[in-house]
Amino acid sequence: MKVSPGLLPILRSRMQGELLALVLLHPEREYSITELATDVGVTPTAVLREVDRLTDAGILTDRKVGRSRLVKARTDTPLYRPLSELMSVSFGPLPVLTDALAGLEGVQQAYIYGSWAARYNGEQGPPPHDVDVLVVGAPDADALFDLAEEVSRRVRRVVNVHRVSVEAWETHTDDPFLTSVRERPLVGLNLEPGA
């Protein structure tokens, strides 16, 4: 069961939010109507109507290639950045990972680090190709791997999970990996129930 994103009440539908998130959070890609329908889990007709609305509003752009219609985000408008940030907060890696990790036994804390965390904190650069996650605790390794695969599918980016013990995270160490993670931007996941 999917948790309803906080932004959902101001959108026309969950489908609109998922469609916007897919296209806006992957601005380097073009999608066919059929591909969007499959990814979002609705009919091509429903996607076509929504794409027409979003194209008319100047949020998306499209082009014809043979009989196919390819759609992508318009990144050259003032709407792109704030709208993509809203989609990221409501439908992107942060809420999806929070939801997934909150239910996994043995997870004490979790953080997104690396390029995704840097972009989230305002650092300029290209869209990240993956999402790096640090899990603090002792969850089952197989369950953590399965969770990373599922989240990767949902956010359409590779999710790399690195697990460390509570002691390793809380102790000063010369470990180059932990030193690097601590020196760069981190985005903490609020794993408290009902958060």
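**Helix H3 and two sheets**

Let me start with what lies over helix H3. The cover on its buried residues includes helix H1 (14–24), helix H2 (33–40), strand S2 (60–65) and strand S3 (68–73). One caution before I go on: this is a predicted model.

So what is being covered? Which residues of H3 are buried? They are Ala46, Val47, Glu50, Val51, Leu54 and Thr55. Around the helix axis they take up an arc of only 160 degrees, so they sit on the same side of H3. The general rule helps here. An α-helix has 3.6 residues a turn, so residues three or four places apart point the same way.

Now the length. How far apart should the ends of H3 be? The helix runs over residues 44–56, which is 13 residues. At 1.5 Å a residue, the expected span is 18 Å. The C-alpha atoms at its ends are 18 Å apart, so the model agrees with the expectation. After H3 comes Gly58, with a positive phi near 80 degrees.

Next, the sheet that S2 and S3 belong to. It is open, has 3 strands, and runs in the order S1-S3-S2 with antiparallel pairing. Its edges are strand S1 (31–32) and S2, and each of these pairs on one side only. S1 meets S3 in the antiparallel sense through 2 bridges. One pair to find on screen: Tyr31 has Val71 in S3 as its bridge partner. H1 packs on this sheet and touches S1, S2 and S3. The direction of H1 makes about 80 degrees with that of S3.

On to the other sheet. Which strands are in it, and in what order? There are 4 of them, in the order S6-S5-S4-S7. This sheet is open as well, and its pairing is mixed. S6 and strand S7 (187–188) are the edge strands, each pairing on one side only.

A quick reminder on pairing. Strands of a sheet pair through backbone hydrogen bonds, either parallel or antiparallel.

Take S5 and S6 to begin with. S5 covers residues 130–137 and S6 covers residues 158–164. They pair in the parallel sense, over 7 bridges. Two partners in S6 are worth clicking on. Val133 bridges to Val161, and Leu134 bridges to His162.

Then the S4 side. Strand S4 (residues 107–113) pairs with S5 in the antiparallel sense, over 6 bridges. Gln109 has Val136 in S5 as its partner. Ala110 has Val135 in S5. The helix on this sheet is H7, which packs there and touches S5 and S6. The direction of H7 makes about 155 degrees with that of S6.

Is S5 mostly covered or mostly open? Mostly covered: 7 of its 8 residues are buried.

How do we get from S5 to S6? Through helix H7, residues 141–155. Together, S5, H7 and S6 form a β-α-β unit, and this unit is right-handed.

One last residue. Which residue in the loop between H7 and S6 deserves a look? Arg156. Its phi is positive, about 60 degrees, although Arg156 is not a glycine. Buried or partly exposed? Arg156 has a relative accessible area of 32%; buried would need under 20% and exposed over 50%, so Arg156 counts as partly exposed.

To wrap up, two places to look. For H3, check the side that carries Ala46, Val47, Glu50, Val51, Leu54 and Thr55. For the mixed sheet, follow the chain through S5, H7 and S6.

Notes: Residues are numbered from 1 along each chain as its sequence is written. This is a predicted model: local features need pLDDT of at least 70, side-chain atom pairs count only at pLDDT 80 or more; totals for chains, interfaces and linings use all residues. Side-chain values use heavy atoms; hydrogens and water are left out. The expected span of a helix is 1.5 Å times one less than its number of residues. Buried means under 20% relative accessible area, exposed over 50%, partly exposed in between (1.4 Å probe, protein chains only). The arc is that of the directions from the helix axis to the C-beta atoms. Contact means heavy atoms within 4.5 Å. Two strands pair if DSSP finds at least two bridges between them. A crossover is right-handed if, with the strands pointing away from the viewer, the path from the first strand over the helix to the second runs clockwise. Axes are lines fitted to C-alpha atoms, for helices over the stretch in contact, and angles run from 0 to 180 degrees between N-to-C directions.
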